[in-house]
Amino acid sequence: MTIQILTVPGLGGSGPQHWQSLWEAQQTSIRRVVQADWEAPNCTEWVQQLQAEIQQAGNEIVLVAHSLGCLAVVYWALHHATAPVKAALLVAPPDTEREDFPETATGFAPVPLQRLPFPSIVVASTNDPYITLKRVQEFANNWGSELVSVGDCGHINAVSGLGDWPQGKVLLQRLLHP
């Protein structure tokens with residue numbers, strides 16, 4: 001059975017130089033969850049769209065989420081635990097409870113701290129401007145996720161200069177072939 005990989009971008013939608021976009025271009029079997037509004041995301045709407053894409057995707061799915069997309073996955077898991085998600089790679093989840101978090105993103109706080117019903121790896125940077133390492137450790141512990149620190153890589157996005165992010169591909173392979 002073929003595993004379907006779905007990317008779940010965050011606020012702004014992962015532009016053309018973002019590693020998610022590069023992965024999608026390199027492997028046509030990777031599909032993006034496209035949201036109606038990338039600039040003023042609503043958690044309920046994002047979760048509904050994620051559910052619709054998962055229903056279309058097939059029997060075994062691995063989610064590859066970045067930033068606010070991670071929280072869409074976590075909120076989705078609270079309500080759709082029986083769906084066919086095999087695992088999730090959650091890269092640079094933001095702390096939506098911070099005072100400086102963009103007000104245009106609604107419904108993503110508080111951050112759910114329940115154990116996820118599938119294996120997951122949370123990837124964090126030591127100098128992410130949207131979350132402290134201590135807070136991302138709290139998320140990973142509560143979600144039952146393995147935490148992988150990639151050092152000083154900012155928000156682990158296009159600005160970080162990671163290109164197609166080979167280290168991320170290695171982590172994804174660990175989820176695809178445990």
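How much area does the protein expose, and what share of it do carbon and sulfur atoms supply? The protein exposes about 8,100 Å², and carbon and sulfur atoms supply 50% of this area; accessible areas were obtained by the Shrake-Rupley method with a 1.4 Å probe, and for residues only the protein chains shown count as cover. The structure is a predicted model, in which local features need pLDDT of at least 70 and side-chain atom pairs count only at pLDDT 80 or more, while totals for chains, interfaces and linings use all residues. Residues are numbered from 1 along each chain as its sequence is written, and side-chain values use heavy atoms, with hydrogens and water left out.

Five helices and six strands make up the secondary structure of the protein. Helices (H or I, at least four residues) and strands (E, at least two) are DSSP runs, numbered from the N terminus. Read from the N terminus, the order of the elements is β-α-β-α-β-α-β-β-α-β-α. The radius of gyration of the protein is 15 Å, close to the 16 Å that the globule rule gives for 178 residues, so the protein is as compact as a globular protein of that length. This radius is taken over C-alpha atoms, and the globule rule is 2.2 Å times the number of residues to the power 0.38. Along the principal axes, the C-alpha atoms fill a box of roughly 45 × 30 × 30 Å.

Of the 178 residues, 52% count as buried (under 20% relative accessible area; exposed means over 50% and partly exposed in between, with a 1.4 Å probe and protein chains only). Among contacts with a separation of 6 or more, 77% are accounted for by residues 24 or more positions apart, where contact means heavy atoms within 4.5 Å. The protein has 9 positive and 16 negative side chains, and the centres of the two sets lie 9 Å apart. Lys and Arg count as positive and Asp and Glu as negative, whereas His and the chain ends are not counted; the place of a charge is NZ of Lys, CZ of Arg, CG of Asp or CD of Glu.

Rings of Phe, Tyr and Trp (its six-membered ring) were paired if their centres lie within 6.5 Å, with planes under 30 degrees apart counted as stacked, over 60 as edge-to-face and the rest as tilted. By this rule the count is seven aromatic pairs. One of them joins W19 and W165 in a tilted arrangement, 4.8 Å centre to centre with 55° between the planes. W19 lies in helix α1 (residues 19-26) and W165 in the loop between β6 (146-149) and α5 (166-176), 146 residues apart. Both W19 and W165 are buried. W165 also forms a stacked pair with W23, at 6.2 Å centre to centre and 10° between the planes. W23 is likewise in helix α1, 142 residues from W165. Ring pairs thus link W19, W23 and W165 into a cluster. W23 counts as buried because its relative accessibility is 3%, and the value for W165 is 2%.

Two loop residues were examined further. S29, in the loop between α1 and β2 (30-32), counts as partly exposed at 37% relative accessibility. Leaving aside neighbours within four places in sequence, S29 is in contact with Q4 and I5. T96, in the loop between β4 (85-91) and β5 (120-124), is buried, with a relative accessible area of 9%. With the same neighbours left aside, the contacts of T96 are L68, L71, F101, F108, A109 and V111.
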